[in-house]
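Biologist: Please take a close look at the pockets of this model, and set out how their linings are made up.

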Amino acid sequence: MRPPAVFVMRPASLVRQIFDAEATAELAEMLDIDPEHTITDLASAESRLRLRRAEVVIGGWGAEPISTELAASVRAVIYAGGVAATCLDRPADFAARGVVAANARSANAVPVAEYALAMILLANKQTFAAERAYRGTRQAPDRATQLTDVGNYRRTVGIVGAGLIATELIGRLRGFDLDVIVFDPLLTADRAARLGVRRGSLREVMATSDVVSLHQAVTPETVGQIDAHLLGLMRDGATLLNTARGAVVDQQALVAELRTGRIHAVLDVTEPEPLPADSELWQVPNLVLTPHIAGSMGNELHRIGASVVAEVRRFVAGEPFEHPEKLG
């Protein structure tokens, strides 16, 4: 007998964006679930009834947090995103009831790592500066005197943070002639050796790298962590790449440093998002600014859907999740 299940996310169209036809069909084979009846809020009697009988919740972005009282039969929560607890009210109450959870954080880490890899390679090639100059002069550069200090041979890439996304990125960087140095206070010598990277202090990473890629979590200790002093340590011509969160960088200090033209930056995240219309960052020429697109978008969402389907398959087979999340 298929366990009754519900989708809980908002807007309802997310279900079709995350789960392609193949994934939807496979879910229907394993679960008693209707993709046409996604719970987007908990106000209606029908939503509450569906949730009350569900044994499996497939959650996603925008979900209104559910309580154990409303989800009395739930045995598993599988989240199509980074943190399953975000769709639960008092996650510890679910843990106390023995509810198990999984998330698709690993699947979402892949496109962020891909974006970071692409930007690192393009930054070392001085692609963005060359494009601006070419468009401005409408003449090819003199390779004997211009663009002489470019390329990805034996460059140093610094990484701040050694979590899931950084680990994905490090794996992709192994295929290139690059030296990788990492700062993370929790990175042990043994793990660094397994990853094939050097450990360094934050000052060393900032001062010795041609590109510094930020991947630290936002905590009280990391808010504004990349400050004026650390930015001032960066090599002339180096690039700061941020796909973490805008808050980890002292944005005013970065504006001041970029204003000198001494360094470059690639920002997929800012504080706030979007930037105010009068922010100087819109006008800075030595900055590439993208609208938080590094994470899963478009058909990349199907990777998240595939991850959820795989976890459902494990659950109905009585097997442990591959990517479990501790709720309490």
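Modeller: What follows describes the two pockets in turn, beginning with the basis of the values. This is a predicted model, in which local features need pLDDT of at least 70 and side-chain atom pairs count only at pLDDT 80 or more, while totals for chains, interfaces and linings use all residues. Residues are numbered from 1 along each chain as its sequence is written, and side-chain values use heavy atoms, with hydrogens and water left out.

The largest pocket (an open set of points on a 1 Å grid over the protein atoms alone where a 1.4 Å probe fits, with protein on both sides within 12 Å along at least five of seven lines) holds about 980 Å³ of space, a volume being the space filled by probe spheres set on the points. Its lining, meaning residues with an atom within 4 Å of a point, comprises 39 residues, and Arg105, Ile165, Thr243, Ala244 and Arg245 lie nearest the centre. Among the helices (DSSP runs of H or I, at least four residues), α5 (105-124) and α7 (164-173) each supply at least two lining residues, and α5 gives the most, with 4. By class, this lining has 20 nonpolar, 14 polar and 5 charged residues, where Ala, Val, Leu, Ile, Met, Phe, Trp, Tyr, Cys and Pro count as nonpolar, Asp, Glu, Lys and Arg as charged, and the others, Gly among them, as polar.

The second largest pocket contains about 490 Å³ of space. Of its 25 lining residues, Gln126, Ala129, Ala130, Leu147 and Val150 are the closest to its centre. Two or more residues come from each of α5 and α6 (127-137), with α6 giving the most, 6 residues. The lining of the second largest pocket has 11 nonpolar, 8 polar and 6 charged residues.
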